[in-house]
Structure formats: C-alpha cells, structure tokens
Amino acid sequence: MFTTNPFRQQGQWYRGNTHSHSTESDGKLSISDRFKAYQDAGYDFLVLTDHRKVNDVQPFTSTDFLAISGSEVHPPNPYGGPTYHIVAINIHNQINCAKMHPNAVIDDIKKQGGEAVLCHPYWCGHTISDYLPLRGYFAVEVYNDTCMGIGKGFSEQSWDDLLDKGGPVLGIAADDSHGTEHDCFHGWIMVKAQNLTLENIMEALRTGSFYSTLGPEINDIDFTENKLSVKCSEAQSIVFKSERSRGRRFAANNGSLLTEATYTVPGNTKYVRIEITDETGKKAWSNPFFF
C-alpha cells in the first residue's frame, strides 16, 4: 500500500465519520436519528457500524449526504490478547465473527468490497504482538472519542509501532458515537474525492486521500526533492514523525503561533507523518508519506 497526497488530487473535501452506533446495538439514537444528527452537524458522510450487525442504510443517502453500511466485528484473539474490535467499512452481509480467525474476518470484509480498521488499540489493551499477525487491514484509529471517557482516546504510539515494525497503515480519527453529545462530532476525517459517491469515497480512503482532525485544518502539504512542507491553521506545534528516533518538532514561541513548517527528510527514511496541535491541545494528523 502507498498513499497519495490529497492536496495534489482533483476533487472536493468531504467531512465524514467512520465509526458510529444506533439502537440496533448499543447506541442511544435510532438509525434515522443517528444519520440526521450527523447531516445536521454538517457532515457529508457517516458509516454506521453497529456491533456484529449490518443495517440497511440506503434510505438515508441523498444528493448531499452519503450513508455507508458497516459493522464493528469482534473475532477472538488466538494470540493470547483481548478480543479484537475491527470496524468494517462498506459491507452488506453480517459476518459470523465469533467463530472465525481474525484474518478470515478481514478477508471477508475485503471480499464484500469493504475495508477494515483496527479500533481504539489503547482502550482495547492491544499491543504490537496482537497486531503483527494480522493481514489486510488498511487503517488504525489514532483517535477514538468514546474512549476519552476513560482517558484512552489517543493511540498514536500504537500507530507508530505498526509503522515501525509492521508495514504501511493509515490513521483515522473517529467518534465511535454511542450517545448524543459527549462522543459525537469531536473527531473526523477530511476526504478528498471526485464526488460524494460510495465508489469515490472508498477509493479515497484506500489510497490515503484524507487527513484526520479534532478541529485544526491542514491546508496544504508539499514534497519537493527532500523537503516535506505543511501549511495549516494556527498551531502551537507542528511535528514531523518518522521511524524510531527520526523526525522533528517545531514549536511556537514568543506568543506567536505557527501556520507552516518544512522538514528536510533524511536519506533512507521509511515514512513521515505530520501532527498538528493547536493552542487548545486539539490535534490533526496527516497520513504517512512512504519513501
């Protein structure tokens, strides 16, 4: 897998959430009310991912809003750790995950035309030993808003462990909305796609044509020769993160805030991802650029 630079792609930006629940599993809102809440909040698409269920969401798609079917599946962990939580984006048939190997579950997701996301590693207690045997997932949740209820919403180290010791993997910020306020509209992805269609959104997700955010905006990313540059909304810090001890942090000083930074990428670098933090502590994350 390799990623594209969304800022060099044709299309429009669409705001979406890839992890949500209704009263069909353990959510507080009905399916129709869940979709309405996100549409009213200015979102362009929402993936409904009730636990172990796949719901018919087609009636909730309109000319300016895309409803995507999905599921949160829970195959057992044969490697000694806790049960897996995997979000399946764009599946239409229920998966009998309780009796399947996790890699067989991911295979089923992909056979249905979907993509698999590893959910909230910090909250699950999963480590790199739980994830290294898995194959075929495309992303991991770098942030999950529901998990902030116990202070374990950020999984940046899990993402970096996978990038360092596993292989290419993208990062997603998601609400995991169950309620109506505390875990809604706080983490999302901005997707660059040609049109608001299922085919275009899925292609943009697969190729990494998106960034994740809790509010800060990434306005441009450019790579010329060996220099990676970013422009963003006002930030307290801009960090270029790479494998192990590589990378660089730029911090605001003297009362001013940053809106851009440039990092000279050393030779033989495996990947670099960009992390923005504003003065309130809210973050945005680019997907890794693989070299």
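Which residues touch the most other members of the largest nonpolar core? The close-ups below start there, and keep in mind that this is a predicted model.

**View 1. The largest nonpolar core, centred on I238, F240 and I276.** This core has 33 residues, and I238, F240 and I276 are the ones that touch the most other members. Plenty of elements chip in: helix 1 (31–40), strand 2 (45–48), strand 8 (188–193), strand 10, strand 11, strand 12 (237–242), strand 14 and strand 15 (271–277) each supply at least two residues. Strand 11 gives the most, with four residues.

**View 2. An open sheet of three strands, in the order 10-11-14.** The pairing here is antiparallel. Strand 10 (218–224) and strand 14 (258–264) sit at the edges with a single partner strand each, so one side of each has no neighbour in the sheet. Ignoring direction, neighbouring strands of this sheet are turned by 15° against each other on average. As a general reminder, strands of a sheet pair through backbone hydrogen bonds, either parallel or antiparallel.

**View 3. Zooming in on strand 10 and strand 11.** Six bridges link strand 10 with strand 11 (residues 227–235), in the antiparallel sense. For a handy landmark, look for I218, which stands opposite C232 in strand 11.

**View 4. Helix 6 and the residue just after it.** Helix 6 spans residues 198–207, and its buried residues include I201, M202, A204, L205 and T207. Just past the end of helix 6 comes G208, with a positive phi of about 80°.

**View 5. The largest cavity, with G208 in its lining.** The structure holds one cavity of 30 Å³ or more, and the volume of the largest cavity is about 50 Å³. Its lining is made up of T3, T4, P6 and F7, then G208, F210, Y211 and I221, and finally S286, N287, P288 and F289. Sorted by class, that lining comes out as seven nonpolar and five polar residues, with no charged ones.

**View 6. The largest pocket, around R135, G136, Y137, G167 and P168.** About 250 Å³ of space lies in this pocket. It is lined by 16 residues, and R135, G136, Y137, G167 and P168 are the closest to its centre. What classes of residue make up the lining of the largest pocket? There are nine nonpolar, three polar and four charged residues. Set beside it, the lining of the largest cavity has no charged residues.

How values were computed:
Residues are numbered from 1 along each chain as its sequence is written. This is a predicted model: local features need pLDDT of at least 70, side-chain atom pairs count only at pLDDT 80 or more; totals for chains, interfaces and linings use all residues. Side-chain values use heavy atoms; hydrogens and water are left out. On a 1 Å grid over the protein atoms alone, a cavity is a set of points where a 1.4 Å probe fits but cannot get out, and a pocket is an open set with protein on both sides within 12 Å along at least five of seven lines; lining residues have an atom within 4 Å of a point. Grid points are joined across faces, edges and corners, and a volume is the space filled by probe spheres set on the points. Ala, Val, Leu, Ile, Met, Phe, Trp, Tyr, Cys and Pro count as nonpolar, Asp, Glu, Lys and Arg as charged, and the others, Gly among them, as polar. Two strands pair if DSSP finds at least two bridges between them. Axes are lines fitted to C-alpha atoms, for helices over the stretch in contact, and angles run from 0 to 180 degrees between N-to-C directions. A nonpolar core is a set of buried Ala, Val, Leu, Ile, Met, Phe, Trp, Tyr and Cys residues joined through side-chain atoms within 4.5 Å. Buried means under 20% relative accessible area, exposed over 50%, partly exposed in between (1.4 Å probe, protein chains only).
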